[in-house]
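User: Please guide me through some side-chain arrangements in the structure shown below. I am new to it and would welcome short, reasoned answers.

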Amino acid sequence: VPCNRNGGLRFSFQGNGYWLLVYVMNVGGGGDIWSMSVKGSGSGQWIVMSHNWGASYQAFATLGGQSLSFRLTSFTTRNTIVAYDVAPPNWSVGLTYEANVNFQ
């Protein structure tokens, strides 16, 4: 049974200048994540994030000062969505950012 969620995916940030831990909330569709990548506006390449626990994924990369986009694939459906420019260049750990996309 698909999860109907209001609004977009939410990304809560933790970490430091060299490590970003992202907890994903408000996941629609199957309510699960199979894989996740991040791309900084200054890099041009997707960085595959490793699974930490639950709906938390981490990247060991220097991403400060860049707007961040996320690419997520659902475990249940294998559908992939991209949330562009979720966090602004001045993003900060301890904050949560909402995308304008979600799984159906």
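User: Over which rings does the charged end of Arg78 sit?

Analyst: This is a predicted model. The charged end of Arg78 lies over the ring of Phe75, 4.9 Å from its centre. It also sits over a second ring, at 4.2 Å from the centre, and that ring belongs to Trp34. The rings asked for are therefore those of Phe75 and Trp34.

User: How many aromatic pairs are there, and how are the rings of Phe13 and Phe70 arranged?

Analyst: The count comes to 6 aromatic pairs. For Phe13 and Phe70, the ring centres are 6.0 Å apart and the planes stand at 65°; an angle over 60 degrees counts as edge-to-face, so this pair is edge-to-face.

User: How far apart in sequence are the parts that this pair ties together?

Analyst: Phe13 belongs to strand S1 (residues 10–16), whereas Phe70 belongs to strand S7. Because the pair joins these two strands, it ties together parts separated in sequence by 57 residues.

User: Is Phe13 buried or exposed?

Analyst: Its relative accessibility is 0%. Buried means under 20%, so Phe13 counts as buried.

User: Which residues do ring pairs link into a cluster with Phe13?

Analyst: Phe13 is one member of a cluster linked by ring pairs. The other members are Phe11, Phe70, Trp91 and Tyr97.

User: Which backbone nitrogen lies 3.4 Å from a polar atom of the Gln66 side chain?

Analyst: Gln66 lies in the loop between strand S6 (56–59) and strand S7 (68–73). Its contacts beyond four places in sequence include Gly40, Ser41 and Pro88. The backbone nitrogen in question is that of Ser43.

How values were computed: Residues numbered from 1 in each chain as written. Predicted model: local features only at pLDDT ≥ 70, side-chain atom pairs only at ≥ 80, totals over all residues. Heavy atoms only, no water. Helix = DSSP H or I, 4+ residues; strand = E, 2+ residues; numbered from the N terminus. Polar contact = N/O pair within 3.5 Å; in protein donor to acceptor, adjacent residues only side chain to side chain. Contact = heavy atoms within 4.5 Å. Phe/Tyr/Trp six-rings, centres within 6.5 Å; stacked < 30°, edge-to-face > 60°. Buried < 20%, exposed > 50% of the residue type's maximum accessible area, 1.4 Å probe, protein only. Lys NZ or Arg CZ within 6 Å of the ring centre and 35° of its normal.
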